[in-house]
Amino acid sequence: MGNNQERGLFLLVAMMEDVELQAMRLDRSMSWCIQRAWRLSREALLDLAPATDHPDAIGAFRARYPLTGPGARMTSRRVTIQFPAEMLAELEQAAARQDRSLSWLVQQAWCLATARFGALPSEVA
């Protein structure tokens, strides 16, 4: 299936559960969902100035995954995701330019793309 490479990412447990739910709903893998999130969000994230948060992503992140108060779930887990080699190289370059981790970049992409995932039909090709 092409030139895929695996990378270990750290995601909040709640975020990982969201990705798993979307993967099950769409009958796709978690890797496919993360790759799709990057494709949907890449332009917005590539345009960021170094070491800044995308305002829409950070707002969505805080609303969906509260870090304090009732329901706060800050535990993260490592998950292995497969990426096409070209996409992984682009992600690594973007993370380096941002002076952030690959996990941070993927989390930002997921938060920006989450609303679009809900609009995808279960039979998405």
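**Notebook: two aspartates with positive phi**

I looked up D27 first and found that it counts as exposed, because its relative accessibility is 68% and the cut-off for exposed is over 50%. I note here that the model is predicted, so I keep these entries to what was computed from it.

Where does D27 lie? I placed D27 in the loop between α1 (13-26) and α2 (30-46). I then checked its backbone and found phi near 55 degrees, a positive value in a residue that is not glycine. I wrote that down because most residues other than glycine have a negative phi.

I turned next to D99, which sits in the loop between α4 (85-98) and α5 (102-119). For D99 I read a phi of about 55 degrees, again positive although the residue is not a glycine. Is D99 buried or exposed? With a relative accessible area of 66%, D99 is exposed, since the cut-off is over 50%.

For the setting of these two loops I went back to the protein as a whole, which has five helices and two strands, and I followed their order along the sequence as β-α-α-α-β-α-α.

I also looked up how the 125 residues are covered, and found that buried residues make up 43% of them. The accessible surface of the protein comes to about 6,900 Å², and carbon and sulfur atoms account for 51% of that surface.

Last, I checked the contacts in the protein with a separation of 6 or more, and noted that residues 24 or more positions apart account for 84% of them.

Note on methods
Residues are numbered from 1 along each chain as its sequence is written. This is a predicted model: local features need pLDDT of at least 70, side-chain atom pairs count only at pLDDT 80 or more; totals for chains, interfaces and linings use all residues. Side-chain values use heavy atoms; hydrogens and water are left out. Helices (H or I, at least four residues) and strands (E, at least two) are DSSP runs, numbered from the N terminus. Buried means under 20% relative accessible area, exposed over 50%, partly exposed in between (1.4 Å probe, protein chains only). Contact means heavy atoms within 4.5 Å. Accessible areas come from the Shrake-Rupley method with a 1.4 Å probe; for residues, only the protein chains shown count as cover.
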